[in-house]
Amino acid sequence: ELSFIHRYEPATDPSRPPLLLLHGTGGDENDLLGLGRMISPGSALLSPRGKILENGMPRFFRRLAEGVFDEEDVRFRANELADFVAEARKAYELEAPIAVGFSNGANIAAGMMMLRPEALSGAALLRAMVPLSQSPAVDLAGKPVLMISGAMDPIIPAENSKRLAASLSASGAEVQHEILPAGHNLSQTDLQLLVKWFGE
Ligand code: MLT
């Protein structure tokens, strides 16, 4: 028994990297499977359900208000999720996955990169925010990160997503930060950028 409720789809193309799919608030383990298949056809897909319930809505860590995080819980949950990734890698014989996270899922992925960099080989962060007010010193040398933000996102100030991109770059990650004329929801352009990034 692995420690998170999850969906798993084995790779059909072993040359493709495994994806760790991380849903947004109120989503579940089924949400991003279609996106995963579309952006990296043939990849193994590992898709856990966040363990926190906020008024019945699954999430990956607690928050005090929209955009205001319980940072102690961010730390605890990022470690717990990294432990799950290690278990799942053993059980399913996987390389370190690339995280694909949306909103709350992107935020926990960013937290994992900073606290447990060995857990992920890279990340696509869709509508991500700075997960921890003090970024830990971490070596992300060579890890590819695609961040896609929305210029009109009502939840995420532009300054905040830029700060996250800068902090990941400063730690050595190969960051591509795209800012779209979009809000918090994903658009067709997000998909196109993801397909292109995964193709490279
Ligand atoms: C979060 O709580 O992680 C952010 O506010 C994004 C969200 O899930 O709405």
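This is a short walk through one structure, from its ligand to its nonpolar cores and then to two single residues.

Okay, hi everyone. Before anything else, keep in mind that we're looking at a predicted model.

Let's start with the ligand. Which residues surround it? Going along the chain, we have Thr25, Arg59, Phe61, Arg63, Gly67, Phe69, Ser103, Asn104, Asn107 and Ile155. If you sort that shell by class, you get 5 polar, 3 nonpolar and 2 charged residues.

Now zoom in on the oxygen atoms of the ligand. Arg59 has a polar side-chain atom 2.8 Å from a ligand oxygen. For Asn104, a polar side-chain atom sits 2.9 Å from an oxygen of the ligand. And with Ser103, the distance from a side-chain N or O atom to a ligand oxygen is 3.4 Å. So how much of the ligand does the protein cover? On its own the ligand has 260 Å² of accessible area, and the protein covers 95% of that.

Next up, the nonpolar cores. The largest one has 39 residues. Within it, the members touching the most other members are Leu20, Leu22, Leu81, Met112, Leu125, Leu164 and Leu168. Which elements each supply at least two residues of this core? On the strand side, that's β2 (19-22), β9 (122-126) and β10 (144-150). On the helix side, it's α2 (71-92), α3 (104-115) and α4 (158-170).

Let's pick out Leu168 for a second. Setting aside neighbours within four places in sequence, Leu168 contacts Met114, Leu125, Leu140, Val145, Met147, Ala173 and Val175. There's also another core, apart from the largest one, with 21 residues. Its members include Leu32, Ile98, Phe102 and Ala182.

Okay, two single residues to finish. First, Asp73, which you'll find in helix α2. Is Asp73 buried or exposed? It counts as buried, because its relative accessibility is 8% and the cut-off for buried is under 20%. If we leave out residues up to four places away in sequence, Asp73 touches Ile52, Phe61 and Arg62. Phe61 came up earlier, by the way, as one of the residues around the ligand.

Then there's Thr189, over in helix α5, which runs through residues 188-199. Thr189 has a relative accessible area of 33%, so we call it partly exposed. How far is Thr189 from Asn107 in space, C-alpha to C-alpha? That comes out at 21 Å, with their positions 82 residues apart in sequence. And Asn107, remember, is one of the residues surrounding the ligand.

That's my tour, thanks for listening.

Notes. Residues numbered from 1 in each chain as written. Predicted model: local features only at pLDDT ≥ 70, side-chain atom pairs only at ≥ 80, totals over all residues. Heavy atoms only, no water. Near = heavy atom within 4 Å. Polar contact = N/O pair within 3.5 Å; in protein donor to acceptor, adjacent residues only side chain to side chain. Areas by Shrake-Rupley, 256 points an atom, 1.4 Å probe, with all protein chains shown as cover. Nonpolar A, V, L, I, M, F, W, Y, C, P; charged D, E, K, R; others polar. Core = buried A, V, L, I, M, F, W, Y, C linked by side-chain atoms within 4.5 Å. Buried < 20%, exposed > 50% of the residue type's maximum accessible area, 1.4 Å probe, protein only. Helix = DSSP H or I, 4+ residues; strand = E, 2+ residues; numbered from the N terminus. Contact = heavy atoms within 4.5 Å.
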